[in-house]
Amino acid sequence: MSDKISTYPGTSLSEKEIRDGKVLSIQDQMPGKFSWDTGIAIGKYLAGLKDGVIFGSYCATCRRTVVPPRTICEWCFQPMDRYIPLEDTGIVNTFSLCYVTWDVRRIKEPETPAVIEIDGASSLHGIMHKLGEVEPQEIKIGMRVKAVWKSAEMRQGAITDILYFKPHEGSH
Amino acid sequence: MSMRKVAVVGAGMTKFVRRALETGKELSWQASSMALQSCEMTMDDVEAVCLGTAPDAFDGVHMNGEYLSDGAGAWRKPYMRSYVGGGTGVFVPIQGWYHVASGLFDVVLVVAEEKMSSYYPHAQGAFLTIFDHTTERALKPNLLWIFALEMNRYMQTYGISKEDIAQVAVKNKRNAADHPSALLGDPNITVEDVLNSEVLAWPVNRLDVSPVSDGAVAIVLAAEHVAKRITDKPVWIEGVGWNLDTAYWTNRDLAYPRYVEYAARMAYDMAGIKEPRKQINIVEPYDPFDYKELHHMEGLLLADRGEAPQMVADGVTQRDGDMPVCPSGGLLGVGNPIAAAGLMKIAELFWQLRGEAGNRQVPGQPTRGLAQAWGDLMQVGTVVIMGR
Ligand SMILES: [Zn+2]
């Protein structure tokens with residue numbers, strides 16, 4: 001390396017040294033509670049989900065329908081023209097079989113996150129959600145899927161009002 | 001545009017480790033003082049300081065720039081922290097560059113630090129908050145999801161196999177065996193080792209992923225008249241570029257990083273590079289996951305779309321190949337203390353272009369290199385081109 005460098009600083013510790021208390025460390029938590037406003041466009045999106053409808057928004061200038069809906073078109077930086085109810089069907093753009101939870105616990109049955117291109121939105125425009133009622137090994141990119149909703153009385157205006165997307169053979 | 005020439009004149013770095021005894025401040029000081037010593041300068045010579053570090057959530061410290069300031073030598077100096085997620089490590093030298101190119105300062109210290117181990121027991125939990133709080137976080141995503149989703153889309157689009165991709169992890173971890181600061185160098189690792197490692201989020205296995213790490217890197221930037229006084233081997237920053245794609249990451253083409261292309265085109269234009277494949281001798285693209293090196297080589301226009309795996313298979317990207325890629329060992333081998341890992345790539349080009357990279361030295365006296373990083377929610381690209 002550089003002629004003038006002979007040793008590199010930095011002292012490596014092992015997880016065991018922390019766990020066994022061989023080195024001192026301070027532990028604390030930062031609990032935080034938040035109440036996020038939905039805003040206008042996502043408010044419309046969530047209200048739609050409560051009614052069992054996926055909304056996108058449309059820009060007439062750019063002729064693009066995006067999902068989730070938003071108030072501003074990124075392409076022309078003008079307001080979106082209108083909200084559009086989309087289908088609750090689509091195709092799997094990509095997926096994963098995930099054996100690790102968000103807090104790094106190992107699980108035997110994989111979670112099945114996917115990007116789903118929603119019918120009625122512009123090409124390659126989708127949302128992130130999960131797949132269900134399908135053997136993980138059977139999942140394929142390009143597979144047609146349909147939303148499985150919570151019952152109307154259980155829906156609360158959240159992305160989780162859709163339980164998951166399941167394989168669906170029908171045409172749209 | 002009238003801009004002054006800016007050179008890298010010194011560099012320093014700590015070891016990259018899973019968990020460092022030293023605090024972020026202490027790591028920052030170690031890298032900074034090493035960088036200054038390497039060019040026989042002191043803090044009195046430094047007119048301004050630029051600091052890069054990734055989300056405050058890792059450290060549990062709000063305003064991490066202020067927290068790290070004494071270790072970065074910021075006391076009573078113009079000081080600013082920049083942050084563009086994983087792209088930070090190659091953005092912070094760009095920030096330092098425009099501090100000097102503009103004529104505002106003659107000498108700037110650029111420091112990048114990351115201490116990911118503080119989020120206990122694993123930094124992964126801190127990544128939950130990068131997803132949209134209303135439309136995504138309720139699904140309890142983890143960071144592996146977006147990489148696995150993007151990797152699968154990339155593989156499917158071009159018919160690329162996991163074996164093709166695993167070759168990148170093998171190359172980089174083998175290269176890292178020659179890096180004295182490396183966390184995961186392994187001269188004997190094989191493709192089978194990568195394919196047989198634990199499946200975390202198919203198609204991502206454990207050895208497809210760079211390790212969570214602690215570490216710091218620093219470089220010294222100087223205007224031309226100062227650089228020529230300090231050293232007879234200045235390494236010039238010839239071009240910089242950065243670009244952001246939509247934050248609605250499920251609304252764009254996951255198989256191709258257009259934002260990297262735009263950042264690269266900006267940098268190529270500035271450097272007057274017309275044929276990057278002929279004019280760039282060494283590449284240090286961002287490789288937090290092995291497929292990302294390939295994805296980025298294509299975005300940088302250094303490989304045709306879907307063709308980067310063939311370059312690896314043909315040995316073109318080996319340290320002694322026609323276009324060495326990640327001769328440092330990259331994030332996969334040296335480690336991934338996020339902002340520090342990006343600046344490590346700049347330091348590597350500095351040493352390589354001066355012929356000071358020791359066992360890692362790329363043969364043939366390379367004259368120009370490119371470093372690139374990537375981040376935010378997979379949509380920011382940062383590029384620096386350096387030459388001697
Ligand atoms: Zn528009």
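**View 1. Salt bridge within helix α8 of chain B.** In this predicted model, B:Lys228 and B:Glu224 lie 4 residues apart, about one turn, in helix α8 (residues 224–230) of chain B; helices (H or I, at least four residues) and strands (E, at least two) are DSSP runs numbered from the N terminus. Their side chains form a salt bridge, 2.9 Å from N to O (a side-chain nitrogen of Lys or Arg within 4 Å of a carboxyl oxygen of Asp or Glu). B:Lys228 is exposed at 53% relative accessibility, and B:Glu224 is partly exposed at 27% (buried is under 20% relative accessible area, exposed over 50%, partly exposed in between; 1.4 Å probe, protein chains only). Residues are numbered from 1 along each chain as its sequence is written, and chains are lettered from A in the order in which they are written. Local features need pLDDT of at least 70, side-chain atom pairs count only at pLDDT 80 or more, and side-chain values use heavy atoms, without hydrogens and water.

**View 2. Salt bridge between A:Lys146 and A:Asp88.** The N to O distance is 2.9 Å. A:Lys146 is in strand β9 (residues 144–149) of chain A and A:Asp88 in the loop between β3 (82–86) and β4 (89–95), so the pair ties together parts 58 residues apart in sequence. A:Asp88 is buried at 16% relative accessibility, whereas A:Lys146 is partly exposed at 28%.

**View 3. Salt bridge between B:Lys25 and B:Asp70.** The closest N and O atoms are 3.3 Å apart. B:Lys25 belongs to helix α1 (residues 24–38) of chain B, and B:Asp70 to the loop between α3 (64–68) and β3 (79–82), 45 residues apart.
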